There are 2 protein chains.
Amino acid sequence: MLTGIGDDAAVLAAPDGRVVATTDFVIEGRHFRRDWSSAADVGHKAAARSLADIAAMGAVPTGLLVALAAPADLPVSWLRELAQGLAAECARAGASVAGGDTSRAPSVFLAITGLGDLSGRRPVLRSGAHPGDVIAVAGQLGHAAAGLALLEANGAALLERSGQDLPEADGPARLIRAQLRPSPPYEAGPEAADLGATAMIDVSDGLLADLGHIAAASGVLIDVGTVPLRDSFISAHCGETAAAGYVLSGGEDHSLAAAFPAGVALPARWRIIGEVRSGSGVRVDGKPYLGAAGWDHFR
Amino acid sequence: MLTGIGDDAAVLAAPDGRVVATTDFVIEGRHFRRDWSSAADVGHKAAARSLADIAAMGAVPTGLLVALAAPADLPVSWLRELAQGLAAECARAGASVAGGDTSRAPSVFLAITGLGDLSGRRPVLRSGAHPGDVIAVAGQLGHAAAGLALLEANGAALLERSGQDLPEADGPARLIRAQLRPSPPYEAGPEAADLGATAMIDVSDGLLADLGHIAAASGVLIDVGTVPLRDSFISAHCGETAAAGYVLSGGEDHSLAAAFPAGVALPARWRIIGEVRSGSGVRVDGKPYLGAAGWDHFR
C-alpha cells in the first residue's frame with residue numbers, strides 16, 4: 001500500500017501492470033448472525049470472502065477496501081474487533097486494509113473489495129478447462145456447512161467452545177469454527193497458476209455448483225468421484241449421509257477447485273477428485289447428482 | 001478491462017504499476033430517494049461519487065465494481081435502468097463497469113468501488129498544500145444542495161421537468177437535476193496533477209468542510225473569499241443568503257478543489273477562490289465561518 005486510509009482514495013502497488021479486483025457483500029442475517037459470530041469472526045469471514053476470489057484468479061492479494069454500514073448503537077468495541085478481524089485475515093493473505101467508507105443502516109452491511117496482483121501470471125479463468133484435465137481441490141470442503149448445521153441444531157453450548165484452542169478430537173466446535181471463520185488456502189491460488197491450472201474457482205456456493213460454473217464456462221463435463229471426497233471428520237460428527245451432502249454442496253469454506261493438465265505433479269494440498277470430459281454439466285461417480293443446487297447461505 | 005463480469009474477479013489494466021481505489025456506499029433514504037431519483041439517476045450519482053474520488057487523486061478512472069443489495073420486489077426494469085445509468089456515467093469518465101455482486105436487502109444498498117490509473121503522475125493528496133499556494137475550484141458548488149432544498153420544499157412539479165432538456169433559464173429544474181445527477185469534472189483531476197497541484201479533494205461534504213480536510217492534512221490555514229464564489233444562478237432561485245450557504249457548505253456536487261503554487265496559469269475551468277497561509281483551519285473573508293460543518297446528505 002502506497003497511500004492508505006484518509007485521502008480521497010487509496011493508492012496500491014500493481015507491479016504487474018494489471019490489477020485483479022472483486023467486490024462482495026457480507027450482510028447480517030444473510031451471511032452472519034451477530035449472536036453466533038463475534039465481531040472478529042465477521043471481519044475474518046468478510047475479508048476471506050473477497051481475498052479467496054483474488055486467489056482463485058491466480059493472483060496474490062494486496063489490499064482490501066471496506067464499506068461498513070451499521071446501526072448507530074453498535075458498540076465501538078464491536079467495530080474495533082471487526083477491524084482487527086479484517087486486518088488479521090488480510091495479514092494471513094499478505095494484504096492490508098487500504099481504505100473504506102462508513103454509513104448508517106438498521107443492521108450491519110459490509111461491502112468488501114479485494115485487490116490483487118498477478119505478478120506476471122496469466123489470470124486463471126473459469127473458462128479454460130479441457131477434456132483430459134484432472135480436477136483437484138485445495139482446502140476443506142463441507143466443514144463450514146456442517147458447522148452451520150450444528151449451530152442451527154444446538155448452537156449456544158458449542159459456540160462458546162469454538163473460540164478456544166481446541167484439541168483435534170473436539171469436532172463439533174471445530175466445525176462451527178470453520179463456519180464462523182473459514183481459512184481459505186490463499187497461497188494455493190498463485191501456486192495453481194504456476195502449475196499450469198487451466199481453470200480455477202473459489203468454492204463459495206458449494207463444490208458441485210462451483211464446478212458447474214467451470215463446466216459451463218469451459219463447455220465441458222466434469223465428473224467427480226466420491227471416494228477422494230469422503231471426510232471422516234464430518235462423518236464422525238454428522239453421520240455419513242449428511243457429511244456427503246455437506247462436502248458436495250456446502251458452501252463458504254472458500255477452498256479452491258481447479259483443473260490441471262493430466263500428469264502435472266501436484267503438491268500434497270491439492271487432492272485430485274475428478275476429471276474433465278467432453279460434454280456438459282457435472283456428474284458424481286458418473287451419474288447426475290440431484291442435490292447439486294448449491295448453497296444459498298441462510299436461504 | 002481485460003476480464004470482466006462472470007469470473008471470480010475482474011482483471012483491469014494498471015499500466016502505471018499502481019492502482020487508485022476507493023469504495024463508497026450509496027444508500028436509499030440516505031443518499032437518494034426512489035420517489036425523487038429515477039433508477040438511471042441513482043446509477044449516474046452512485047458512479048459519480050466514486051469516480052470523482054479517483055479524479056481527485058489526479059488519476060484517470062478505469063473501472064467500477066458494483067455491489068447491489070435490493071428488495072426482491074424491485075422491478076427488473078429499475079435494475080436495468082440502474083445498470084444503464086452506471087454504465088453511462090462510467091463512459092463519461094472513460095471507465096467501464098468491471099464486476100459486482102448482488103444480494104437481498106429491505107431497501108436499495110449500493111457499494112461502489114472506483115479504480116483508476118495515475119499514468120505516471122504522483123498522486124495528489126490532501127496533505128501537500130503550502131502557504132502561498134492558491135486555492136481553486138473546478139465545477140459547480142452548491143447546485144446540488146440548492147436542488148435538494150427545492151425538492152424538499154416543492155418537489156413533484158419541478159421533478160417532472162428536471163429530466164427534460166431544459167433551457168438555461170429554467171433554474172429550479174436545473175438545480176434539481178444537479179442534485180439527482182451531479183456532473184463531476186473528471187478530466188480536471190489529472191489536469192490539476194499535471195499543472196502541479198499540491199493538494200486536491202473531491203467536494204462531497206461541502207466546500208468549507210472539504211477545504212478543512214486539506215487544511216488539517218497539510219497543517220495550513222485556508223482563507224477563501226466570497227466574491228469569486230457568488231453564484232447568481234442559485235441566488236436568482238433561492239435568494240442571496242441561502243445561496244451563499246449552499247455554495248460554502250452544500251455537498252454532493254462532486255466538484256474538485258485544489259491548491260496550486262501561486263503563479264501557475266490555470267485553464268478557465270479552474271476558478272481561484274482563496275489562498276493558503278500559515279496557521280490552521282478555514283476562514284471566509286478572513287473570519288471564521290460558523291456554518292462550516294458541512295453537508296450530511298439527508299441528515
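This briefing covers the symmetry, interface, sheets and helix packing of a predicted two-chain model. Local features are reported at pLDDT of at least 70 and side-chain atom pairs only at pLDDT 80 or more, while totals for chains, interfaces and linings use all residues. Residues are numbered from 1 along each chain as its sequence is written, with chains lettered from A and ligands numbered from 1 in the order in which they are written. Chain B can be laid on chain A by a turn of 180°, and a five-stranded sheet takes strands from both chains.

**Symmetry**

- Superposing chain B on chain A gives an RMSD of 0.0 Å, with a turn of 180° and a shift of 0.0 Å along the axis; the fit is by least squares on the C-alpha atoms of residues with pLDDT of at least 70 in both copies.
- This relation is that of a two-fold axis.
- In chain B, Gly17(B) has the C-alpha nearest the axis, at 2.4 Å from it.

**Interface between the chains**

- The interface brings 45 residues of chain B into contact with 45 residues of chain A, where contact means that the C-beta atoms of two residues, placed from the backbone, lie within 7 Å.
- At least two residues each come from β1 (10–13), β2 (18–27), α1 (39–55), β3 (60–70), β4 (96–104), β5 (109–117) and β7 (199–203) of chain B. Helices (H or I, at least four residues) and strands (E, at least two) are DSSP runs numbered from the N terminus.
- β2(B) gives the most to this side of chain B, with nine residues.
- By class, the side of chain B that touches chain A has 27 nonpolar, eight polar and 10 charged residues. Ala, Val, Leu, Ile, Met, Phe, Trp, Tyr, Cys and Pro count as nonpolar, Asp, Glu, Lys and Arg as charged, and the others, Gly among them, as polar.
- The copies meet through the same surface, because 100% of the interface residues of chain B are also interface residues in chain A.
- Strand β2 (residues 18–27) of chain A runs antiparallel to β1(B) and is joined to it by four bridges; strands pair if DSSP finds at least two bridges between them.
- Within that pairing, Val11(B) in β1(B) stands opposite Val20(A).

**The five-stranded sheet across the chains**

- This open sheet has the order β1(A)-β2(B)-β5(B)-β3(B)-β4(B), with mixed pairing.
- Its edge strands are β1 (10–13) of chain A and β4 of chain B, each of which pairs on one side only.
- From one strand to the next, the twist averages 20°. Angles run from 0 to 180 degrees between N-to-C directions, with axes as lines fitted to C-alpha atoms, for helices over the stretch in contact.
- β3(B) and β5(B) are antiparallel and share nine bridges, and Pro61(B) stands opposite Gly116(B) in β5(B).
- Helix α1(B) lies across β2, β3 and β5 of chain B and runs at about 30° to β5(B).

**The six-stranded sheet**

- In chain A, an open sheet with mixed pairing has the strand order β7-β9-β6-β10-β8-β11.
- β7 (199–203) and β11 (281–284) of chain A stand at the edges with a single partner strand each, so one side of each has no neighbour in the sheet.
- The twist averages 25° from one strand to the next.
- Strands β6 (residues 134–138) and β10 (residues 270–277) of chain A pair in the antiparallel sense over five bridges, with Arg271(A) in β10(A) as the bridge partner of Val137(A).
- Helix α6 (residues 207–218) of chain A packs on the sheet and touches β6, β7, β8 (221–224), β9 (255–260) and β11 of chain A. The direction of α6(A) makes about 150° with that of β7(A).
- In chain B, strand β8 (residues 221–224) has four bridges to the antiparallel strand β10 (residues 270–277) and four to the parallel strand β11 (residues 281–284).
- Leu221(B) has Arg277(B) in β10(B) as its bridge partner, whereas Val224(B) has Val284(B) in β11(B).

**Helix packing in chain B**

- The axes of α1(B) and helix α2 (residues 76–93) of chain B come within 7 Å and cross at roughly 40°.
- The crossing angle makes α1(B) oblique to α2(B); angles under 35 degrees count as roughly parallel, over 145 as roughly antiparallel, 65 to 115 as roughly perpendicular and the rest as oblique.
- The contact of α1(B) with α2(B) has 14 nonpolar, four polar and three charged residues.
- Helices α6 (residues 207–218) and α8 (residues 240–249) of chain B have axes that come within 5 Å and cross at roughly 30°, which makes α6(B) roughly parallel to α8(B).
- Leu207(B), Leu208(B) and Ala209(B) in α6(B) meet Val247(B), Leu248(B) and Ser249(B) in α8(B), a contact of five nonpolar, one polar and no charged residues.
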